[in-house]
Amino acid sequence: MALQMHLLRKAKSLSGSSLSTFPSSSAAAAAAVGDAPPPRLPPFDHSPRSYKGPLADEVFQKRKKFLGPSLFHYYQKPLNIVEGKMQYLFDENGRRYLDAFAGIVTVSCGHCHPEILSAITEQSNLLQHATTIYLHHAIADFAEALASKMPGNLKVVYFVNSGTEANELAMLMARLYTGNLGMISLRNAYHGGSSGTLGLTALNTWKYPIPQGEIHHAVNPDPYHGDFGSDANCYAKDVQDHIDFGTSGKVAGFIAETIQGVGGAVELAPGYLKLVYDIVRKAGGICIADEVQTGFGRTGSHYWGFETQGVIPDIVTMAKGIGNGLPLGAVVTTPEIASVLAQKILFNTFGGNPVCSAGGLAVLKVLDKEKRQAHCTDVGSHLLGRLRALQQRHEIIGDVRGRGLMVGVELVTDRTEKTPAKAETAVLFEKLRELGVLVGKGGLHGNVFRIKPPMCFTKDDADFLVDALDYSMSRL
């Protein structure tokens with residue numbers, strides 16, 4: 001909160017500083033807007049229930065008193081969200097918001113999707129919990145359906161409760177299977193917040209000063225900020241250098257998101273993973289794809305993010321969209337790699353419980369039935385096109401990137417230097433909320449708007465979002 005207030009105060013003094021470096025076209029655009037009315041949310045046929053619960057101030061005070069101080073919240077005045085329906089959220093007053101962040105890229109099919117709710121409720125009424133010491137069809141049915149979505153010999157599933165757990169288990173598998181310890185991840189990556197996955201994560205805002213183990217962070221193949229642009233060969237050479245000069249010559253594995261989520265929707269340089277997978281496998285390691293945010297058709301062009309790079313990993317981790325809000329994650333690998341865990345007992349009390357398995361299977365069915373992958377291609381192309389046109393109107397937009405409905409808009413005060421527009425981002429973030437748009441923020445400096453809505457997000461929603469951005473930027 002203190003940081004946000006500082007940025008907002010700083011932003012109010014920008015008229016004679018960083019924003020004045022923008023060309024006069026921005027000022028002209030603002031003048032042309034004049035007193036144009038703000039954009040309005042698209043119509044939506046749903047009336048929220050009258051809310052009778054505690055209001056925001058009471059909830060906030062209780063949260064501060066009883067929950068950990070590491071929790072943060074969005075907005076100067078935190079929103080008390082009490083209801084959701086498909087791509088929209090409702091606050092305590094019944095006001096509707098366009099959810100363009102999907103509970104941090106978690107609500108895949110839509111808030112309170114009726115078919116998923118039905119599956120969860122039906123299973124809850126029969127059996128909530130028993131663990132895998134007994135047989136139950138739900139976990140087996142879900143594993144079979146999930147395995148059918150995987151390429152190659154990725155056919156064995158371990159269910160967990162989160163993306164962090166999934167990446168912890170994948171790293172354990174890699175080390176046990178190869179007999180090596182060294183792991184390689186990318187700078188700007190986020191793979192979880194446990195003591196183990198914090199080592200894989202490479203953003204200082206998320207890392208505590210604890211030992212991170214045998215982990216190397218390679219140069220990020222970032223086409224916008226990277227020293228080598230989109231040259232995958234130069235970035236891949238850095239991985240080889242880490243192996244040659246930082247290890248015994250052998251590694252346990254390599255892990256990467258195809259489009260970095262927390263890092264600000266950064267898509268890896270084309271062809272990068274194919275080169276690196278070859279390097280890592282020659283060094284005795286296995287390759288892990290973190291699909292926690294990119295999986296299940298969100299990128300539009302492919303069901304899995306790693307497919308955009310033309311590779312097949314040895315292990316795939318997933319969470320978030322797999323459960324549409326349920327605490328659910330999974331690790332999928334080959335029978336050979338999976339067998340390494342049989343040398344001891346591996347048990348997860350809640351992993352693949354009947355309720356989450358029933359809900360997860362319903363998610364897969366809804367995504368197929370409603371053709372959400374194709375929908376992400378269609379709506380995502382429209383959204384990206386409109387954002388890139390907006391970039392031509394507003395110098396503050398340094399980069400528009402992403403695929404499907406996994407999009408990033410990076411804000412800068414200088415396009416040449418790519419200086420993060422921290423204060424301006426804070427102001428726009430608040431203005432979008434006032435207009436009824438909820439987006440995320442990412443990147444090391446928090447200057448990237450993360451637009452990753454539920455996959456039922458429409459072209460009308462995309463137009464409203466872009467119009468809200470245009471309206472807000474024109475009034476900076």
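Me: Which strands does helix 7 (residues 163–178) lie across?

Reply: Helix 7 lies across strand 4, strand 5, strand 6, strand 7, strand 10, strand 11 (315–318) and strand 12. Just so you know, this is a predicted model, where local features need pLDDT of at least 70, side-chain atom pairs count only at pLDDT 80 or more, and totals for chains, interfaces and linings use all residues. Residues are numbered from 1 along each chain as its sequence is written, and side-chain values use heavy atoms, with hydrogens and water left out.

Me: What makes something a helix or a strand here?

Reply: Both are DSSP runs, numbered from the N terminus: helices are H or I with at least four residues, strands are E with at least two.

Me: How does helix 7 run relative to strand 10, roughly parallel or roughly antiparallel?

Reply: Helix 7 runs at about 175° to strand 10. Angles go from 0 to 180 degrees between N-to-C directions, with axes being lines fitted to C-alpha atoms, for helices over the stretch in contact. Under 35 degrees counts as roughly parallel, over 145 as roughly antiparallel, 65 to 115 as roughly perpendicular and the rest as oblique. So about 175° makes the two roughly antiparallel.

Me: Which strands of the sheet does helix 9 touch?

Reply: Helix 9 packs on the sheet and touches strand 5 and strand 6. Contact means heavy atoms within 4.5 Å. The direction of helix 9 makes about 150° with that of strand 6.

Me: What is the strand order in the seven-strand sheet?

Reply: The order is 4-12-11-10-7-5-6, in an open sheet with mixed pairing.

Me: Why do strand 4 (156–160) and strand 6 (215–218) count as edges?

Reply: Each has a single partner strand, so one side of each is left without a neighbour in the sheet. From one strand to the next, the twist averages 20°.

Me: How do you know that strand 4 and strand 12 (residues 329–333) pair?

Reply: Two strands pair if DSSP finds at least two bridges between them. Five bridges join strand 4 to strand 12, so they pass. They run antiparallel, and Val 157 has Val 332 in strand 12 as its bridge partner.

Me: Which residues of helix 10 (residues 272–282) are buried?

Reply: Tyr 272, Leu 273, Val 276, Tyr 277, Ile 279 and Val 280 are. Buried means under 20% relative accessible area, exposed over 50%, and partly exposed in between (1.4 Å probe, protein chains only).

Me: Why are they said to be on one side of helix 10?

Reply: They cover an arc of only 165° around the axis, which puts them on the same side of helix 10. The arc is that of the directions from the helix axis to the C-beta atoms. The face turned away from the buried side carries the exposed residues Lys 274 and Lys 282.

Me: What covers the buried residues of helix 10?

Reply: The cover includes strand 5 (183–186), helix 9 (232–246), strand 7 (253–257) and strand 10 (286–290).

Me: Why is helix 9 called roughly parallel to helix 10?

Reply: The two pack at an angle of about 20°, with their axes 9 Å apart. That angle is what makes helix 9 roughly parallel to helix 10. Val 239 and Ile 243 are among the helix 9 residues in this contact, and Leu 275 and Val 276 are among those from helix 10.

Me: What about strand 18 (residues 448–451): which way do its residues point?

Reply: Val 448 and Arg 450 point one way, Phe 449 and Ile 451 the other way, and all are buried.

Me: How many bridges does strand 18 make with strand 14 (residues 406–414) and with strand 17 (residues 440–442)?

Reply: Strand 14 and strand 18 share four bridges, while strand 17 and strand 18 share three, so both pairs reach the minimum of at least two. Both pairings are antiparallel. Phe 449 stands opposite Val 409 and is also the bridge partner of Lys 441.
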